[in-house]
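Work through the exercises below with the sequence and the coordinates open. Each task is followed by a solution in steps.

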Amino acid sequence: MNITQVPSPNFDDRTLPISLLILHYTGMQSGKAALERMCDSEAKVSAHYMVEEDGHVFQLVDEDKRAWHAGVSEWQGESNINSNSIGIEIVNGGHDWPRVDGSLPPFPDVQINAVIALSKDIMKRHSNLTVLGHSDIAPTRKIDPGEHFPWAGLAAAGLGYWPNVSGKDRRILFEPGTRDRGVAILQSGLAHIGYGARVTGVLDEASVKIIEAFQRRYRPDQIDGVVDIHTMEIVKALSESIPNPAEFRPI
Ligand SMILES: [Zn+2]
């Protein structure tokens, strides 16, 4: 791969082995602006890589160092995500810089192909990385890389698991605020997948944010925090794809 080195001062030492690959969008007006920010020592943010819209890849931080891209986050009970992950910023204006018609700016194919190639290259050095979006690890704060990010395409290329759930049964199971044993089962499933869900049995505000993050990734046509049968089926399929799904059961 042709990678341009643009060293950022914003990193420190890892304290955990690498197990996650976190994808972001830059959410800025241009890749140049994002690169400048990530190289500004005052900003205290960075990522290991940035992928431009034309597919060009920049490296800002060595993989064995801890880049500062995740912020307050959680996955599989671990909150020091900067220490156990590699972060890729993908140049895209996202929700803050929509197109003139208000729609989200698409990710060009050449850019996504570069993200896939870079990710596969990273995985040659670090096997079995779980591929996540920033919104998966920080659902109350972040919505990148956004519902317009082609997660299904990445999964088809071998990056990340994609649940094959046929049909779209939109009958509602739980609205926000619902207290039900089924909500506890749902929360157990989400926690087993890795989300920072607490098993309270109530579809509380934190749970709604996690559901929205989950929908943004796995069923982007409906992001409302309401749990319908289709959402529940995807949670179940994902939970069962992960070894030892003992937690996803009636309690
Ligand atoms: Zn992000």
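**Exercise 1.** How many of the residues of E7 are buried?

*Solution.* The model is predicted; local features need pLDDT of at least 70, side-chain atom pairs count only at pLDDT 80 or more, and totals for chains, interfaces and linings use all residues. Residues are numbered from 1 along each chain as its sequence is written, and side-chain values use heavy atoms, with hydrogens and water left out.

Step 1. Fix the terms. Buried means under 20% relative accessible area, exposed over 50%, and partly exposed in between (1.4 Å probe, protein chains only). Helices (H or I, at least four residues) and strands (E, at least two) are DSSP runs numbered from the N terminus.

Step 2. Count. Six of the six residues of E7 are buried, and the strand is mostly covered.

Step 3. Sort by direction. Ser 85, Gly 87 and Glu 89 point one way from E7, while Ile 86, Ile 88 and Ile 90 point the other way.

**Exercise 2.** Find which strands E3 and E4 are joined to by bridges.

*Solution.* Step 1. Two strands pair if DSSP finds at least two bridges between them.

Step 2. E3 and E7 run parallel and are joined by six bridges; Ile 22 stands opposite Gly 87 in E7.

Step 3. E4 and E7 also run parallel, with three bridges. Here Tyr 49 stands opposite Ile 88.

**Exercise 3.** Locate the buried side of helix H1 and what covers it.

*Solution.* Step 1. H1 spans residues 31–38, and Gly 31, Ala 34, Leu 35 and Met 38 are buried in it.

Step 2. These residues lie on the same side of H1, because they cover an arc of only 100° around the axis (the arc is that of the directions from the helix axis to the C-beta atoms).

Step 3. The cover of these buried residues includes strands E4 (49–51), E5 (57–59) and E7 (85–90), where contact means heavy atoms within 4.5 Å.

**Exercise 4.** Identify the protein donors of the zinc ion and place them in the chain.

*Solution.* Step 1. Donors are N, O and S atoms within 2.8 Å of the metal (3.2 Å for Na, K and Ca); water is not among the atoms, so sites may look incomplete.

Step 2. His 24 (ND1), His 134 (ND1) and Asp 144 (OD) lie 2.1 to 2.2 Å from the zinc ion. Their spacing along the chain is H-x109-H-x9-D.

Step 3. His 134 is in helix H3 (residues 134–137) and Asp 144 in the loop between H3 and helix H4 (151–156), so this pair ties together parts that are ten residues apart in sequence.

Step 4. Check burial. His 134 is buried at a relative accessible area of 5%, and Asp 144 is buried at 6%.

Step 5. Check the backbone. A cis peptide bond, with omega about 10°, joins Asp 144 and Pro 145.

**Exercise 5.** Is Lys 44, a residue with positive phi, buried or exposed?

*Solution.* Step 1. Most residues other than glycine have a negative phi, and most peptide bonds are trans.

Step 2. Lys 44 has a phi of about 55° although it is not a glycine. Lys 44 sits in the loop between H1 and E4.

Step 3. Lys 44 is exposed, with a relative accessible area of 54%.

Step 4. Treat Gln 76 in the same manner. Its phi is about 50°, Gln 76 lies in the loop between strand E6 (65–67) and E7, and at 46% relative accessibility Gln 76 counts as partly exposed.
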